[in-house]
Amino acid sequence: FSFSTYNKMWADAQKDLNILLQREREEFLQPEKDHKKVFQILTTSYIKYIQIFRNLETVYDQLVHQQKRAVIRQVLDGVMGRILEIKKEMVELEKSEFHYIDDILVELALLPETLEVPIPRYFIKERLQVLQQREKMLDQILLDAGLLIQEPVKAMTIEEAIKLIQVAERARQGRRRALFMKQLYLQDKKQRQTKHQVETGPHPDDAATCIQKIWRGYIQRKKTQKMREDEMIFLGMSLPPHLMAPSNLQKKVEQVNAQQSEVQERDDEVFIKEKLKEMEGLHIKETLQDQIGQCLIECRHIIGRFPDYPADNAGGSKAILTEKTPEQILEELEAKKMMALQEKAQKGRDKEGGKEKTKGKTPQKAEPKEEGWKMAPSNFLSIMEEGSYQYKVFWQNRDEGWDFHQDHDPELIKEEKREEVEEEIRVQVDELMQQKLHNLKLAVDGEQSDKQKKGRKSEKGKKTTTRKKISELEEDLTSDRTIDSLYRELVEKGLIIKAKTVNLSDYVGEYSYLGSALQQADVEPMPSLADVRQLIALYGILPLGSQIVHEKAPLVKALLLAGPAGVGKKMLVHAICTETGANLFNLSLSNITGKYPGQSGLRMMFHLVLKVARQLQPSVVWVGDTEKIFSKAAPKTGLEVSPKRLATTFSKFLKALKAQDRVLLVGTTKRPFDANLKPFCEAYKKIILMPKPDYTSRFGKYLMLWRHIILQNGGTITDLLNISCLAKLSDGFTQGHIIQAVQAVLSELRLLQMTRKPLRTEEFVPFLATQDPVYKEEEQTFK
C-alpha cells in the first residue's frame, strides 16, 4: 500500500527527530566559548531539522488518515518554529543574515539543495475554497470599479463587416489563383524535363548513386545527432526524453491527489461527538451531580455550613472536584489570601526603600562573568516532544494491515471528544447544582443567596477604573461598518491589489560554492540568489502560513528587500502572497498620494489597513521605494503630511502589530542609502540584500537563468544557442535585463519562425548592448 511507504517515512523522521532532541539536551545546555564549534553545532542541527521538515511535510501532504495528520501537523509546526529559533541564534552569533556553510555540506556529504526550505502545501490546500471565494470577490469589485481591464466584445458595423469579408474573399481568391498558376508551371516544367530525358536518356547507375548519396547522408546525420544526445544524457548535461516529455502517469497522479484531498477533508468527528453525547451524556451528567453533591455534603459536615459555589472564572465545579480534602482546599484558600497580603506589604516597602536608596550613592554594577554561549530557551521543544510521545504511544507499534481505507479510529476520537462533551454537560450541571445549593442554604442554614449579598455590596463599593491609553491605530474609528465594506473601499482606492501568481521556485538561482573559501581569505562574499530565496521562506512564508509558528517563533514584523532595479524585489513580494494565500496591500508612496489627504486621512488609512489585514490574515503590506518615507531630504509627497510624520505613523503601525497578527510589512528599495538610517533601521529589523545573479545562477546545471526564461517565453533551446556564452556576456546584468532581452527577441513573428529558424546566440547581443549593467561601485555601495 502507498500509505505504508509514508508510514515508514514518518517513522524514520520521528527517529531522526528523537536523536536530534536528545543531542540538543546534551549539547545546547552546556556553555561553550568556542564560536566556531558553536556555529558548527547550530549549522548541523539546522540542516538536520530541514531534512526532517521536508520528510514530515511530504508525509503530512500524502497521508489521508485524519488522526495521524493531526499528530504530524503538531510536530511539523514545532520543527518549523525550531528552525526559525536556530536561525536567530546563527544570525546573532555571526552578526549576518547570510551564512556560507559549503564546507560543512562537504563534510556531511550533502548537496546544496538540502538547504532549500520546503513550502508546506497545506498553506494553500486547506484554505483553497476561502482563497477562491476571496479572489472572485476581488475580481468582481475591481470589475465594478473599472479597475480590472476586461477584453470587450468588439462590435462591428455592417460596412466594417462587409469590408472584412471582401478582404478575406479577395485573399482567398488570390491564394487559389496562385496555387493554380503554380500547378500549371510545375506541369509545364515536368513536361519539358520528360521530353529532355527521352531525347538524352539518363544512365541508371547515376540515378542510383544520387539516391544512395542522399539517403546515406540523411541516415548518418540522424545517427550522429542520436549519439550526441546520448552522450549529453550520459554526462548529465541534459535530461532523458522520458523526463522531459509529459508522462501518462502525471494524469493519474493528479486524479490520486484529487481523491486524497476529498478523503482528507472528510469530517467524522462531529458525528462521533454527537453519538457520544447521546450514548454517554446522561451517565456523565448523573455522575457529575453525584460527585458535586457528595462533596458539598462533606464540606458542610466538616466546616458546619454549605460552602459557596465557585464562580465560572474560577473553574466552576472543577474547583470542587479535586483529589484534595475539603480541609486542604480551605487551607489553600487561606494561604493564597495571606500571600496576597504579604506581596502588597512587600511592594510598599520596596517603594519606600527605593526612594531612600536614590538619595544616596548609586551602587556599582558587578561586571558579568562571561560563561560562554548558551542556547536560549525554546517555545517548540515541548510541542515536538508531545508529538513524539503521541506517535510512540498510539502509532509506532500499531498494526494497520487491516486498515485499507485509512479510516479514523473511533476510540481515539471518543477519548479526545469525551472531554469536550464533559465540559458542555458540566455547564448545565453547574447551573442546576447552583440552584440546588441555593435552596439547601435557605432550607438548612437559613442563608441568603450569594447574588443578593453581592448586589448590595456592589452598590456601595463601586470603584472607578482608569481606562488604559489606546494608541491612535488601535482605536476603532469604523465600529459602525462591516469588514466587507472596508475591504471594498480599500480595493476601490487601489490599496488592496491582486497578487500575481508567482511561486518562490520561479526565483531561479544557484547556491554560492565559494562562500566559505572567500571568508577564510578575509573577503566578505556577496549572497547568492539561493540564500535570498531561503531567507524569504524563513522570514516571510513560514510565519505567515502557520499561526502557531507566528505566535511562538522569533517575531519578524518588517522585512526590507534592498537591491538594484531588476533583481526581483517585487516578484518576491508577490511570491510571498502566492505561497501563503495572503492579501496584498500596496502602501507605496506613489500609490497612496492624494487618496487620504491630511493628518486625519493618514490616520484613517492606516487604521483601515490594520483592521482589514488583521481580520483577513495572513496579509502582506508592501511599501515600494520605502526610502522616500525615511528620506533625509523632504520630498513632495502630496499627502499634506511631512515624511517625518509618515515615518512616525509607520512605526506606530508596527507597534500595533502583535504576535497573533499574521501581518508582514515588506519594504522594497533600490536606493537605501538615501534614507535616514536610524529610523530606517529601527523600522526594518531584517534587511535582505538582493544581488545581481552570478555566473552559476546564469548558467547552472539545472537552474540556469537564461534557459529558464527562454523556455518560459515560448522559445526552444538548440545547439546553435550557446547558453554559456550568453551567461558570460550578461555579467553585471540583472534578471530584469535578461527577461527584457528575451522578450524583445522572442516576438510573435520570431516564435512562428522557430521551427525553421532556430535561436542563435548573437540575436540577444544587440539588446544587452543598449542596457546599463550594475557596476562594481553600485554593488559595493549596497554591500
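This is a short talk on the helices, salt bridges and surface of one predicted chain.

Some ground rules. The model is predicted, so to speak, by computation: local features need pLDDT of at least 70, side-chain atom pairs count only at pLDDT 80 or more, and totals for chains, interfaces and linings use all residues. Residues are numbered from 1 along each chain as its sequence is written, and side-chain values use heavy atoms, with hydrogens and water left out.

Start with the whole chain. There are 31 helices and six strands. Both are DSSP runs, numbered from the N terminus: H or I over at least four residues for a helix, E over at least two for a strand. The chain has 783 residues, and 38% of them are buried. Buried means under 20% relative accessible area, exposed means over 50%, and partly exposed is in between, with a 1.4 Å probe and protein chains only.

Now contacts, meaning heavy atoms within 4.5 Å. Take those between residues at least 6 apart in sequence: 83% join residues at least 24 apart.

The surface comes to about 48,800 Å², and carbon and sulfur atoms supply 54% of that. Areas are from the Shrake-Rupley method with a 1.4 Å probe; for residues, only the protein chains shown count as cover.

Next, one helix: α13, residues 381-395. It has 15 residues and spans 20 Å from first C-alpha to last, close to the expected 21 Å at 1.5 Å a residue. The expected span is 1.5 Å times one less than the number of residues. Which residues of α13 are buried? They are Ile383, Met384, Gly387, Ser388, Gln390, Tyr391 and Trp395. Looking down the axis of α13, these buried residues fall within an arc of 160 degrees, so they line one face of the helix. That arc is taken from the directions from the helix axis to the C-beta atoms. The face turned away from the buried side carries exposed Ser382, Tyr389 and Lys392.

On to charges. A salt bridge here is a side-chain nitrogen of Lys or Arg within 4 Å of a carboxyl oxygen of Asp or Glu. The whole structure has 22 of these salt bridges. Let me show three.

Two sit in helix α3, which covers residues 66-94. Arg73 bridges to Asp77, with the closest N and O atoms 3.3 Å apart. The two are four residues apart, about one turn of the helix. Arg73 is partly exposed, at 23% relative accessibility. Asp77 is buried, at 4%.

Then Arg82 and Glu85, at 2.8 Å, N to O. They are three residues apart in α3. Arg82 is buried at 1%, and Glu85 is buried at 8%.

Why that spacing? An α-helix has 3.6 residues a turn, so residues three or four places apart point the same way.

The third pair is in helix α8, residues 204-235: Lys226 and Asp230, four residues apart. Their N to O distance is 3.1 Å. Lys226 is partly exposed at 46%. Asp230 is partly exposed at 36%. Elsewhere, salt bridges with shared partners join Glu57, Asp61, Arg121 and Lys125 into one network.

Last, a nonpolar surface patch of about 480 Å², made by Met232, Phe234, Leu235 and Met237. Patch residues have over 30% relative accessible area and no salt bridge; like charges are joined within 9 Å, nonpolar side chains (Val, Leu, Ile, Met, Phe, Trp, Tyr) within 5 Å. Met237 lies in the loop between α8 and α9 (241-244). At 53% relative accessibility, Met237 counts as exposed.
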